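Please open the structure in your viewer and keep the selection panel at hand. The tour below goes from the whole chain to single residues, one selection after another.

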Amino acid sequence: MAAGCALLALPVRKRPGAMLEMLNRAEAADRYRLALGHAHPDWGNGSLGSVAMSLPRSAEPFLNDPDYVDCMLTVFAALKTRNDRRVALTRLRN
């Protein structure tokens with residue numbers, strides 16, 4: 001939800017790129033945490049939520065807000081794409 005609210009605070013045209021950037025920051029923060037044993041100072045513990053909480057966000061609206069639903073669909077689509085890619089790479093390696 002935090003990622004959706006972060007996207008909601010942005011113009012529509014910037015949301016897909018911002019979503020990818022949040023995922024990239026979460027992965028970088030996770031690598032930082034694993035290497036150094038503590039959370040990244042700006043992006044947190046490696047979770048998408050911790051990255052999103054570090055950004056300006058709109059208040060969470062009800063799920064009947066079509067703009068918020070679009071933001072959540074962007075979040076879910078990006079997560080699904082990233083997970084599908086990981087599964088495909090795992091299959092190639094085996």
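The score called pLDDT is the predictor's confidence in each residue, on a scale from 0 to 100, and it belongs at the start of this tour since the model is a predicted one. If you colour the whole protein by this score, you are looking at an average pLDDT of 96, with 100% of the residues scoring at least 70.

**The whole protein**

Select everything and show it as a cartoon, and you will find 4 helices and 0 strands, which follow one another from the N terminus in the order α-α-α-α. If you keep only the C-alpha atoms, they fill a box of roughly 40 × 35 × 20 Å along the principal axes. Among the elements, helix α1, at residues 2-8, has the highest mean pLDDT, 98, whereas α4 has the lowest, 94.

Next, switch on the surface, which exposes about 6,200 Å², with 60% of that area supplied by carbon and sulfur atoms. Of the 94 residues, 28% count as buried. Colouring by charge then brings out 13 positive and 9 negative side chains, and the centres of these two sets lie 7 Å apart. If you turn to contacts between residues with a separation of 6 or more, 64% of them join residues that are 24 or more positions apart.

**First stop: His40**

Select His40, which is found in the loop between α2 (15-36) and α3 (48-53). Is this residue, His40, buried or exposed? His40 counts as buried because its relative accessible area is 15%, and the cut-off for buried is under 20%. Now show its side chain together with the backbone of the residues that follow: the side chain of His40 reaches the backbone nitrogen of Asp42 at 2.9 Å, and that of Trp43 at 3.0 Å. When neighbours within four places in sequence are left aside, His40 is in contact with Ala29 and Tyr32, so add these two residues to your selection.

**Second stop: Arg82**

Move on to Arg82, whose place is in helix α4, at residues 66-93. Which residues does Arg82 touch, not counting those up to four places away in sequence? Show Leu23, Asn24 and Glu27 beside Arg82, as these are the residues it touches. Arg82 is buried too, because its relative accessible area of 15% falls under the 20% cut-off.

Technical notes: Residues are numbered from 1 along each chain as its sequence is written. This is a predicted model: local features need pLDDT of at least 70, side-chain atom pairs count only at pLDDT 80 or more; totals for chains, interfaces and linings use all residues. Side-chain values use heavy atoms; hydrogens and water are left out. Helices (H or I, at least four residues) and strands (E, at least two) are DSSP runs, numbered from the N terminus. Buried means under 20% relative accessible area, exposed over 50%, partly exposed in between (1.4 Å probe, protein chains only). Contact means heavy atoms within 4.5 Å. A polar contact is a pair of N or O atoms within 3.5 Å; within protein, one must be able to donate a hydrogen and the other to accept it, and residues adjacent in sequence count only if both atoms are side-chain atoms. Accessible areas come from the Shrake-Rupley method with a 1.4 Å probe; for residues, only the protein chains shown count as cover. Lys and Arg count as positive and Asp and Glu as negative; His and the chain ends are not counted. The place of a charge is taken as NZ of Lys, CZ of Arg, CG of Asp or CD of Glu.
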